[in-house]
Amino acid sequence: MAPSKSNFHVRSNSLPSKSHPLIEECNDHLIRLRGASDATSSSSIAHKLSGLEELQLYVEKLLQLPLTQRAFVQGCQEKWVDELVDGSLRLLDICSTAKDAVLHTKECAREMQLIMRRKVNLENEIKKYSASRKVVKKAIQKALGSLKGVESKSSFSPSNKESEITTLVSVLREVEAVTFASFETLLSFISGQKAHSKLGGWSLVSKLVQSKRVGCDEEVVNEFAKVDVALHCIMSQEKSKTGQAMRELQNLEQCVQDFEERLECLFRRLIKTRVSILNILND
């Protein structure tokens, strides 16, 4: 479903060496996050979400600098300001989509475990779970599709050519790009897509199940996909896989709980960032 290559390309060139210490600290954190861009497991993605929250703390401090406030006031009629304002709203929207997806998945996973313990109407409940997953994947598709038109290239071209302001805006743009790319990775993971695979959802599940050497969970490192595969096996009359499906559902519940907590913290930070930007422009 999601493209194998990110739509948000963060520049590799170095920023000017002489700038405010906070700008340097923020840039150093960006470098560390870019180094973790190939996150393909739930633990690495959760760690990256925590990194994004810390990054927003740096952004909040940057927004309090007189340098930052002067740059926004002076450029209030310029396109780069509108882009940063719009970008802050898009980040909130995509984070909200991720939050809704993990919350919905957590509720469905818990309900599925209860049904499996009771051993009643199992096939019907699996169908319901599959239907709920399709709803989540459709929302993710829509969210990722809305990001395709977002350009990472800055339109900033200040008339006064102040290098520190140029560096500041470049850092803020890179923060936005890295955050978008991280959400793209997260949403692809939630959809159950195997790393570096162009297959998604139940197309991937069917391919995995049909492979004799894969079984129900071998070579699958994604908790969402593991549950999809295990339930697919049960629907294929492999009733002996019920115990395995229960274990995968428990693991999935722990995974989404971790995601949910970190996304909630990040969401609050993103709100503060947007409010700070709007306050600067409205003063």
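Which helix does E174 lie in? I began my notebook with this residue, and I found that E174 lies in helix 6. I keep in mind throughout that I am reading a predicted model.

**Entry 1: E174 and its distant partner**

I looked up the accessibility of E174 and noted a relative value of 3%, which is under the 20% cut-off, so E174 counts as buried. I then looked for a residue far away in sequence, and I wrote down that E174 and N27 are 147 residues apart along the chain, while their C-alpha atoms are 8.7 Å apart in space.

**Entry 2: the chain as a whole**

I stepped back to the whole chain and counted 9 helices and 0 strands, so that, read along the sequence, my note of the pattern is simply α-α-α-α-α-α-α-α-α. The chain has 283 residues, and I noted that buried residues make up 49% of them. For the surface, I recorded that the chain exposes about 14,000 Å², of which carbon and sulfur atoms supply 50%. I also looked at contacts between residues at least 6 apart in sequence, and found that 80% of these join residues at least 24 apart.

**Entry 3: E83 in helix 4**

I turned next to E83, which is found in helix 4. Its relative accessibility is 17%, and because buried means under 20%, E83 counts as buried. I paired this residue with R173 in my notes, since E83 and R173 are 90 residues apart in sequence and yet 9.0 Å apart in space when I go from C-alpha to C-alpha.

**Entry 4: L266 in helix 9**

Is L266 buried or exposed? I placed L266 in helix 9, and I found a relative accessibility of 0%, so L266 counts as buried. When I leave out residues up to four places away in sequence, L266 touches L49, L52, E53, Q56 and F183. For one of these, L49, I also noted the spacing: the C-alpha atoms of L266 and L49 are separated by 7.3 Å, although the two residues are 217 residues apart along the chain.

**Entry 5: S132 in helix 5**

I looked up S132 and found this residue in helix 5, which covers residues 122-147. With a relative accessibility of 10%, S132 counts as buried. Again not counting residues up to four places away in sequence, I listed H104 and C108 as the residues that S132 touches.

**Entry 6: aromatic rings**

How many aromatic pairs does a search of the whole structure find? The search gave me 3 aromatic pairs, and I followed two that share F189. The rings of F189 and F224 have their centres 5.9 Å apart and their planes at 85°, so I wrote this pair down as edge-to-face, the planes being over 60 degrees apart. F189 lies in helix 6 and F224 in helix 8 (residues 223-235), so this pair ties together parts of the chain that are 35 residues apart in sequence. I checked burial as well, and both F189 and F224 are buried.

The second pair is F189 with F259, also edge-to-face, with 6.1 Å from centre to centre and 70° between the planes. Here F189 in helix 6 is linked with F259 in helix 9, and I noted that the two are 70 residues apart, so far along that the pair links distant parts of the chain. F259 is buried, like F189. Taken together, the ring pairs link F189, F224 and F259 into a cluster.

**Entry 7: cavities**

I finished with the empty space inside. Rolling a probe the size of a water molecule over the atoms shows where empty space is left. I counted 3 cavities of 30 Å³ or more, and I noted about 150 Å³ of space in the largest cavity. Of the 13 residues that line this largest cavity, V59, L91, L172, T273 and I277 are the closest to its centre.

Which helices each supply at least two residues of the lining of the largest cavity? My list holds helix 2 (42-63), helix 4 (79-118), helix 6 (163-190) and helix 9 (242-282). Sorting the lining of the largest cavity by class, I wrote down 9 nonpolar, 3 polar and 1 charged residues.

Note on methods:
Residues numbered from 1 in each chain as written. Predicted model: local features only at pLDDT ≥ 70, side-chain atom pairs only at ≥ 80, totals over all residues. Heavy atoms only, no water. Helix = DSSP H or I, 4+ residues; strand = E, 2+ residues; numbered from the N terminus. Buried < 20%, exposed > 50% of the residue type's maximum accessible area, 1.4 Å probe, protein only. Contact = heavy atoms within 4.5 Å. Areas by Shrake-Rupley, 256 points an atom, 1.4 Å probe, with all protein chains shown as cover. 1 Å grid on protein atoms, 1.4 Å probe; cavity = no way out; pocket = protein on both sides within 12 Å on 5 of 7 lines; lining within 4 Å. Points joined across faces, edges and corners; volume = space filled by probe spheres on them. Nonpolar A, V, L, I, M, F, W, Y, C, P; charged D, E, K, R; others polar. Phe/Tyr/Trp six-rings, centres within 6.5 Å; stacked < 30°, edge-to-face > 60°.
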